[in-house]
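User: I'm new to this one. Could you show it to me and walk me through how its labels are earned?

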Amino acid sequence: MEKSSEEKGSNIVLALDPPLDDRMQMIKKAKKILESTRDHICAVKFNRHLILPLGLFSGVQELIRQAEEYQLPTIMDCKINDIGNTNRIIAEHYFKGGFEALTANPFVGWEDGLQPVFETARRMSRGVILLVYMSHRSAGEGYGRAFVTADNERAPAYSIFARKALEWKADGAVVGATYPERIGEISSILGRNVPIYSPGVGAQGGKISLCMKNGARYLIVGRTITLAQRPGRVAEKIKTQARVRVA
Ligand code: XMP
């Protein structure tokens, strides 16, 4: 990811979530968005928006190949959250389908939880990005709750999840762009060891400058780009704004 970001001069991860449409239109739209934004993004993130209607081993392959052609890494935002055996199978499918990284929920724990996901990722040289604080309005109901630590102390869930990201050597941590103060706190735990991916810029209200100032490394942007009349122009503008903040 780091290499792609440097080569492209961008820290924008495109959330390729085209609006609900018939399947052929959807592929066409997604291909067009990817084509027009390719020079302004450093990776592409997929979600169920495309996987459900198009299928991992059918329609989506066309888009994964397109991303590969543009030398853009692909992330599957599947938020793995089940028992270990199921988690491993989910991860294997997505990795075999061509994704270079996926998202997972640390809430399920390590043993018989995410351990098989990390082991699968390491075996296949892929990445795992952990949810640490989500971007939606009620994120605090879960990620902001006080947990009791192993030492019998109270700490917010997100700070425990951030420490898990370090301990498990995650390849990234997701922290909502809508909570810049959380980005700051979590960034001070992670340091430069685990990069922060921030979704929620634009459509959900997150501000580029605040995210970057507080320590986000990558911005995940969907609707602001995918619904724009000229997705390429918007992606370029966001890239420039975010880059100014990095410098
Ligand atoms: P928008 O249109 O809001 O799209 O720019 C954001 C994309 O990112 C996903 N998303 C998240 N994924 N943790 C995640 O792992 C989050 O907190 C989060 N918030 C948004 C969203 O589903 C969409 O694909």
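**Isoleucine 51 and its helix**

Analyst: Let's start with isoleucine 51, which is buried, with a relative accessible area of 10%. This is a predicted model, where local features need pLDDT of at least 70, side-chain atom pairs count only at pLDDT 80 or more, and totals for chains, interfaces and linings use all residues. Residues are numbered from 1 along each chain as its sequence is written, and side-chain values use heavy atoms, with hydrogens and water left out.

User: Why is isoleucine 51 called buried?

Analyst: Buried means under 20% relative accessible area, exposed over 50%, and partly exposed in between (1.4 Å probe, protein chains only). Isoleucine 51 has 10%, so it counts as buried.

User: What is isoleucine 51 in contact with, leaving aside its neighbours within four places in sequence?

Analyst: Leu56, Val60, Met76, Tyr94 and Phe99; contact means heavy atoms within 4.5 Å. Isoleucine 51 itself lies in helix H3 (helices are DSSP runs of H or I, at least four residues, strands are E runs of at least two, and both are numbered from the N terminus).

User: How do you know that H3 isn't straight?

Analyst: A straight helix of 22 residues would span 32 Å (1.5 Å times one less than its number of residues), but H3, residues 48-69, spans only 22 Å between its end C-alpha atoms. H3 bends by about 100° at leucine 56, the angle between axes fitted to the seven residues ending there and the seven starting there.

User: What covers the buried residues of H3?

Analyst: The cover includes helix H2 (23-37), strand E2 (43-46), strand E3 (74-80) and helix H4 (84-96).
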